[in-house]
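Hi everyone, thanks for coming. Today I'd like to walk you through one protein structure, step by step. Please have a look at it while I talk.

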Amino acid sequence: MTSTVLDRPDSENSGAAAARRSEPASLHDELLAALRDYIVEGNLADGARVPERLLCERFGISRTPLREALKVLAAEGLIDLLPNRGARVRELSTEDLRELFDVMGGLEALAGRLACERITDAEFAEIERVHHEMYRHYLRRDMHGYFQCNQEIHRMIVAAAGNATLSTAYASFAGRIRRVRYSANLDKERDRWGEAMREHEAILDALRRRAGNELSDIMFQHLRNKRKAAQHLGAQAADEESSA
């Protein structure tokens, strides 16, 4: 029997009417998250066509909810929709990566500085909790769990900055490089994953001390190091392809 992200235990079918009304949105969000993870985690190559039939079978859905989810991922910048030809995974050039990571580095640097001025003790405690959860995933070598926590920490720091314009700008760029941020951790020659974990320890420490200038510099360099790792992996892939 095909597994599906839409399966629900029978006991949930007897829930209140309000819960049933919220189910479609919940199922949409669940499918969207699963599809996003599938693409971010490298199951489709850069520039590859999105195989709608395969994904419908994988997730146990029809093409209508799949295409609705693909529209969201296109708005996030993860895929490109092709008129009357489906969709493909967005492919970023070296120049695209340089520009996007510099912009994201600047946004996260600003977020770190503002967060140090405005973050509450409760907000810091939640970031610290997710950081420790992320570290547990790191020790288990669970890249999926690690990355989910990692992205949540970055989002919470931006939220703690208390600037709606900054949050909107951040959200508009974050999806475009989410896939690259994930794959950069796979650069084993540099142990980028371990390096990133150490940088997050420094991020947490600076945020704990409300050291705005320091955190701003760490956040920018964190993104710069991520970009270097992504470019290194890209160069490796190109060399392997040319020598094949």
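I'll start with the overall picture, then move on to two helices, a few charged pairs and two single residues.

One thing to keep in mind from the start: this is a predicted model. What is it built from? The protein has nine helices and two strands. If you follow the sequence from start to end, the pattern reads α-α-α-β-β-α-α-α-α-α-α, with the two strands coming after three helices.

How much of the protein is buried? Of its 244 residues, 42% are buried. The accessible surface adds up to about 12800 Å², and carbon and sulfur atoms account for 50% of that. Now think about which residues touch each other. Take the contacts between residues at least 6 apart in sequence: 74% of them join residues at least 24 apart.

Let's zoom in on helix H7, which covers residues 164–184. H7 has 21 residues and spans 29 Å from first C-alpha to last, close to the 30 Å expected at 1.5 Å a residue. Where does H7 bend? The bend is at Ile177, and it is about 50°. Ile177 is also one of the buried residues of this helix, along with others including Leu166, Tyr170, Val180 and Tyr182. At the start of H7, look for Asn163: one of its side-chain oxygens comes to within 3.1 Å of the backbone nitrogen of Thr165.

Stay in H7 for a moment and find Arg181. Is Arg181 buried or exposed? Its relative accessibility is 2%, so Arg181 counts as buried. What does its side chain meet there? A polar contact of 3.0 Å joins it to the side chain of Glu108. Beyond its neighbours within four places in sequence, Arg181 is in contact with several residues, among them Phe101, Met104, Phe147, His154 and Leu223.

The next helix I'd like to show you is H8, residues 192–208. H8 has 17 residues, and it reaches 24 Å from end to end, measuring by its first and last C-alpha atoms, close to the 24 Å expected at 1.5 Å a residue. H8 is mostly covered, with twelve of its 17 residues buried. Those buried residues include Trp193, Met197, His200, Ile203 and Leu207, and charged ones such as Arg192, Glu195 and Glu199 are buried as well. After H8 comes Arg210, which has a positive phi, near 55°.

Now for the charged pairs. Side chains of opposite charge can pair when their charged atoms come close. How many salt bridges does the structure hold? There are 23, and I've picked three of them.

Number one is Glu76 with Arg178, where the closest N and O atoms are 3.5 Å apart. This pair links distant parts of the chain: Glu76 belongs to helix H3 and Arg178 to helix H7, 102 residues apart. Both Glu76 and Arg178 are buried.

Number two is Asp102 with Arg227, with 3.3 Å between the closest N and O atoms. Asp102 sits in helix H4 and Arg227 in helix H9, so this pair ties together parts that are 125 residues apart in sequence. Asp102 is partly exposed at 23% relative accessibility, while Arg227 is buried at 12%.

Number three is Glu133 with Arg129, at 3.4 Å between the closest N and O atoms. Here both partners lie in helix H5, four residues apart, about one turn of the helix. Why might that spacing be handy to know? An α-helix has 3.6 residues a turn, so residues three or four places apart point the same way. Glu133 is partly exposed at 25% relative accessibility, and Arg129 is partly exposed at 43%.

Some salt bridges also share partners. Glu95, Arg98, Glu99, Asp102, Arg224 and Arg227 are joined into one network in this way.

Last stop: Leu66, in helix H3. How buried is it? Leu66 has a relative accessible area of 0%, so it counts as buried. Which residues surround it? Leaving aside neighbours within four places in sequence, Leu66 is in contact with Leu31, Leu35, Glu52, Leu55, Cys56 and Ile61. Leu35 is 31 residues away from Leu66 along the chain, and their C-alpha atoms are 8.7 Å apart.

That's my tour, and I'm happy to go back to any part of it with you.

Conventions. Residues are numbered from 1 along each chain as its sequence is written. This is a predicted model: local features need pLDDT of at least 70, side-chain atom pairs count only at pLDDT 80 or more; totals for chains, interfaces and linings use all residues. Side-chain values use heavy atoms; hydrogens and water are left out. Buried means under 20% relative accessible area, exposed over 50%, partly exposed in between (1.4 Å probe, protein chains only). Contact means heavy atoms within 4.5 Å. Accessible areas come from the Shrake-Rupley method with a 1.4 Å probe; for residues, only the protein chains shown count as cover. The expected span of a helix is 1.5 Å times one less than its number of residues. The bend at a residue is the angle between axes fitted to the seven residues ending there and the seven starting there. A polar contact is a pair of N or O atoms within 3.5 Å; within protein, one must be able to donate a hydrogen and the other to accept it, and residues adjacent in sequence count only if both atoms are side-chain atoms. A salt bridge is a side-chain nitrogen of Lys or Arg within 4 Å of a carboxyl oxygen of Asp or Glu.
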